[in-house]
Amino acid sequence: MKKSLATAIVITVIAISCISRNPTVEAYRNSFCSVTYLNIESFSVNLTTEKINISRNEKRMLNEGDILIYLTDEDRLGKMLILELDKNRSGILLFDFVTYDKDGKILIEKKEIKLQASYFFDLDKGIIPKKAEGVELWWHNIDDMEMYLVPWTPTKLGKYPLAKMN
């Protein structure tokens with residue numbers, strides 16, 4: 001009796017875990033994992049200090065599942081996966097990121113970071129800083145419609161070109 005009850009509990013936990021997974025996010029993360037440090041190094045020549053339009057209109061340049069490559073103010077390369085961008089006008093950017101050291105080893109890796117509109121983020125430390133020191137990224141919202149992801153100089157950003165999945 002105890003054994004079948006334990007088995008039933010395990011099966012229920014596994015079933016709930018499978019149901020609660022978001023297959024879209026898992027597909028995004030699979031693409032994200034496939035972008036290697038060598039890919040990032042090769043792509044880094046395309047990085048700029050230009051802001052990326054994330055406005056609530058047809059000019060938006062980023063979507064969920066997009067990957068950004070960056071070079072921090074401390075000369076570290078990294079990648080960021082956009083999981084959720086301003087869903088239902090929430091003013092929240094949800095992302096995963098990995099920052100590498102100069103040898104290509106993972107320095108810091110975090111998942112499901114929530115960045116609110118008007119906030120800064122430090123990709124070298126993985127924190128929302130209290131001051132603008134060490135900032136690499138700023139979600140600048142001009143008004144309720146016009147918004148940008150701004151690399152805080154000398155940080156550079158670029159949208160990584162992914163092959164479309166069928």
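The following exercises, with worked solutions, concern a predicted model.

Residues are numbered from 1 along each chain as its sequence is written. In this predicted model, local features need pLDDT of at least 70 and side-chain atom pairs count only at pLDDT 80 or more, whereas totals for chains, interfaces and linings use all residues; side-chain values use heavy atoms, with hydrogens and water left out.

**Exercise 1. Overall composition**

Determine how many helices and strands the chain has, and in which order the elements run.

Solution. Step one is the assignment: helices (H or I, at least four residues) and strands (E, at least two) are DSSP runs, numbered from the N terminus. The chain contains 3 helices and 9 strands. Step two is the order, which from the N terminus reads α-α-α-β-β-β-β-β-β-β-β-β. Step three is burial: of the 166 residues in the chain, 40% are buried, where buried means under 20% relative accessible area, exposed over 50% and partly exposed in between (1.4 Å probe, protein chains only).

**Exercise 2. The open sheet**

State which strands form the open sheet and which of them are the edge strands.

Solution. Two strands are taken to pair if DSSP finds at least two bridges between them. Under this rule, 4 strands form an open sheet with antiparallel pairing, in the order β1-β8-β7-β6. β1 and β6 are the edge strands, each pairing on one side only. The pairing of β6 with strand β7 (residues 137-141) is antiparallel and runs over 2 bridges. Phe-120 has Trp-138 as its bridge partner in β7.

**Exercise 3. Aromatic pairs**

Describe the geometry of the pair Phe-95 and Phe-121, and then that of the pair Phe-120 and Trp-152.

Solution. Rings of Phe, Tyr and Trp (its six-membered ring) pair if their centres lie within 6.5 Å; planes under 30 degrees apart count as stacked, over 60 as edge-to-face and the rest as tilted. The count by this rule is 8 aromatic pairs. For Phe-95 and Phe-121, the centres are 5.3 Å apart and the planes stand at 90 degrees, an edge-to-face pair. Phe-95 belongs to strand β4 (residues 92-100) and Phe-121 to strand β6 (residues 120-121), so this pair ties together parts 26 residues apart in sequence. Both rings belong to buried residues: Phe-95 has a relative accessible area of 0%, and Phe-121 one of 1%.

For Phe-120 and Trp-152, the ring centres are 4.9 Å apart and the planes lie at 80 degrees, so this pair is edge-to-face. Phe-120 is in strand β6, while Trp-152 is in the loop between β8 (147-151) and β9 (156-160), 32 residues apart. Trp-152 is partly exposed, at 30% relative accessibility. Finally, ring pairs join Phe-95, Phe-97 and Phe-121 into a cluster.

**Exercise 4. The surroundings of Asn-53**

Establish whether Asn-53 is buried or exposed, and which residues Asn-53 touches.

Solution. Asn-53 lies in strand β1 (residues 52-53). With a relative accessible area of 10%, Asn-53 is buried. Contact means heavy atoms within 4.5 Å. Leaving aside residues up to four places away in sequence, Asn-53 touches Lys-59, Arg-60, Met-61, Leu-62, Met-147 and Tyr-148.

**Exercise 5. Charges over rings**

Identify the ring over which Lys-51 lies, and that over which Lys-79 lies.

Solution. A charge sits over a ring if NZ of Lys or CZ of Arg is within 6 Å of the ring centre and within 35 degrees of the ring normal. Lys-51 lies over the face of Tyr-148, 4.2 Å from the ring centre. Lys-79 lies over the face of Phe-32, 4.6 Å from the ring centre.
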